[in-house]
Amino acid sequence: MKIKVKNAFLDILHVLFLGVFIGLVIALFSFVFELLAEISLQMHASREPYVIVAQVFITVVAALLAYRLIREEPIVEGIAIPHALMAIRGEENIGGLHRIAALTASSLLTSVTAIPLGPEGVGGLLSAQVVVLGQKITKRNIGNRGEIAMGLSAGFGAAFLSPLAGLFYGFEEGWHHFSWKLLGKGILMCLSSYVVAYAIETAAGMKRIFALEGLIFPEWSSFLILPILFAAIPLVVYLFSYLFIVLNRYVRLRRDGKYARYRMLLFFVVVMIMGFFFPYDSVIGSGHSLIEHTLEESLWYIVLLYLFIRFFITLIGGNSGASGGIVIPSLAMGALIGRLFTLIMENYLHMDPSSSPFWIVFSSCFFLAVLNKVPLTASTLLASSLFFVTSNGVDALLAFLISLPLYAIACLPLYLHKIEDLYDGVIEVEEEAQHLPHLHGVPLEK
């Protein structure tokens, strides 16, 4: 009996240690990432000759360094979360301090060059890697894949400062088999990582991704926008997912090392040039400011233009070799769709403008729900964001109850026809690539 109690106590300490470590890693990584992203945007907005020269130099050097990192550690190439999911499935080894260092460096190169990929993907993979590292340090639960899934939960919850959304994300995206023991671990890990990340990010003055000014539960008359969003968002998501997976398959399986090197350099330069013409978070840049800037746009045709640009630049950027995440860019696209239709409703149907922040966030979470088949995570993220801004539990609950069935219905065709979400499609390509003798001229596993 004493041995069981002792082991249970050590397990609790082990989980809390992992959660605190994850919260620390995510908060510090996010802070540096956001700082570099802001510096990059300011450089793109500058027209000083010496700044432009510095930007060109940084872009070229960053592209070459990123390519070099891929040659050393192929795990850092492209969207990061699928590697964590493959580790949860037991299909890939993500451990090793050298891989953690390479992943962090590659993502920071993405940030400093304004590539429109988010830090949350790398943060999720880092969280999973922290769990693997922690298992080796504490010599407990080594190889426990359920615990790695809960590490992904804690990382997502810390990145978005929503532990409940993070918990659901781990079960919906990573670990589909429920158990009470795993739920208990997930709760402890998510809460401890959230507390640490919240303390650090608050002290650093960082904002939540959905901390929009004026975010309140809308008047019921504004709910006329729902059929429009329901008709538009799934179609855009399905198109984006299909094109992303097709392009990813083409790039990963049919190109050699020389093309990969030039592909990365070419895209980095294209983003730099676009930054000189569009020095706005709506087109280039990474991080949480993508959503905040959306509310500032007041012309629907400009928003539509930005939506087209961000759609294609995210599509290409996710396959450029740059390391990052697709969640925040997808949230940004969803926010632009929401802003587009709120402006149309305001101009032509006289919708109250005070409702717009809510529908921007609603649309943003809608995009995430369909893209990754995570309706419960997306609804919880919407509700927690509303509660954080308003402190109104009733409105947050209403937002959750209204959004969840709509998000779930939009995902229903994916479940019924067993259609892959974006991550599953990327994983399938990665599994195919593992059987090739070379990936861009480099062995997948050294």
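Buried here means under 20% relative accessible area, exposed means over 50%, and partly exposed is whatever falls in between (1.4 Å probe, protein chains only). This is a predicted model, with local features needing pLDDT of at least 70 and side-chain atom pairs counted only at pLDDT 80 or more, while totals for chains, interfaces and linings use all residues. Residues are numbered from 1 along each chain as its sequence is written, and side-chain values use heavy atoms, with hydrogens and water left out.

**View A. A nonpolar patch on the surface, built mainly from helix α1.** Phe9, Ile12, Leu13, Leu16 and Leu188 make up this patch, and together they offer about 410 Å² of accessible area. Patches gather residues with over 30% relative accessible area and no salt bridge, joining like charges within 9 Å and nonpolar side chains (Val, Leu, Ile, Met, Phe, Trp, Tyr) within 5 Å; areas come from the Shrake-Rupley method with a 1.4 Å probe, and for residues only the protein chains shown count as cover. Helix α1 (residues 2-45) supplies four residues, the largest share. Helices are DSSP runs (H or I, at least four residues), numbered from the N terminus. Leu16, found in α1, is partly exposed at a relative accessible area of 31%.

**View B. Helix α3, under cover.** Eight of the eight residues in α3 (residues 81-88) are buried, among them His83 and Met86. Just after this helix, Gly90 takes a positive phi of about 80°.

**View C. Thr380 and its surroundings in helix α15.** Thr380 sits in α15 (residues 375-390) and is buried, with a relative accessible area of 4%. Its side chain reaches the backbone oxygen of Leu376 at 2.7 Å. Leaving aside neighbours within four places in sequence, Thr380 is in contact (heavy atoms within 4.5 Å) with Ser162, Leu164, Ala165, Phe168 and Phe400.

**View D. Two tilted aromatic pairs.** Rings of Phe, Tyr and Trp (its six-membered ring) pair if their centres lie within 6.5 Å; planes under 30 degrees apart are stacked, over 60 edge-to-face, and the rest tilted. That rule gives 21 aromatic pairs. In one of them, Phe156 and Phe160 have ring centres 4.6 Å apart and planes at 40°, so the pair is tilted. Phe156 is buried at 5% relative accessible area, and Phe160 is buried at 5% too. Phe362 and Tyr407 also form a tilted pair, with centres 5.4 Å apart and planes at 50°. This one links distant parts of the chain, 45 residues apart: Phe362 is in helix α14 (residues 356-372) and Tyr407 in helix α16 (residues 393-416). Both Phe362 and Tyr407 are buried, and both belong to an aromatic cluster that includes Trp220, Phe230 and Trp359.

**View E. Three of the six salt bridges.** A salt bridge is a side-chain nitrogen of Lys or Arg within 4 Å of a carboxyl oxygen of Asp or Glu. Arg68 and Glu72 meet in one at 3.2 Å, N to O; they are four residues apart in helix α2 (residues 49-72), about one helical turn. Arg68 is partly exposed at 48% relative accessibility, and Glu72 is partly exposed at 33%. Arg99 pairs with Glu73, closest N and O atoms 3.2 Å apart. Arg99 lies in helix α4 (residues 97-112) and Glu73 in the loop between α2 and α3, so this pair ties together parts 26 residues apart in sequence. Glu147 bridges to Lys185, again with closest N and O atoms 3.2 Å apart. Glu147 is buried at 0% relative accessibility, and Lys185 is buried at 9%.

Definitions and conventions: Helices (H or I, at least four residues) and strands (E, at least two) are DSSP runs, numbered from the N terminus. A polar contact is a pair of N or O atoms within 3.5 Å; within protein, one must be able to donate a hydrogen and the other to accept it, and residues adjacent in sequence count only if both atoms are side-chain atoms.
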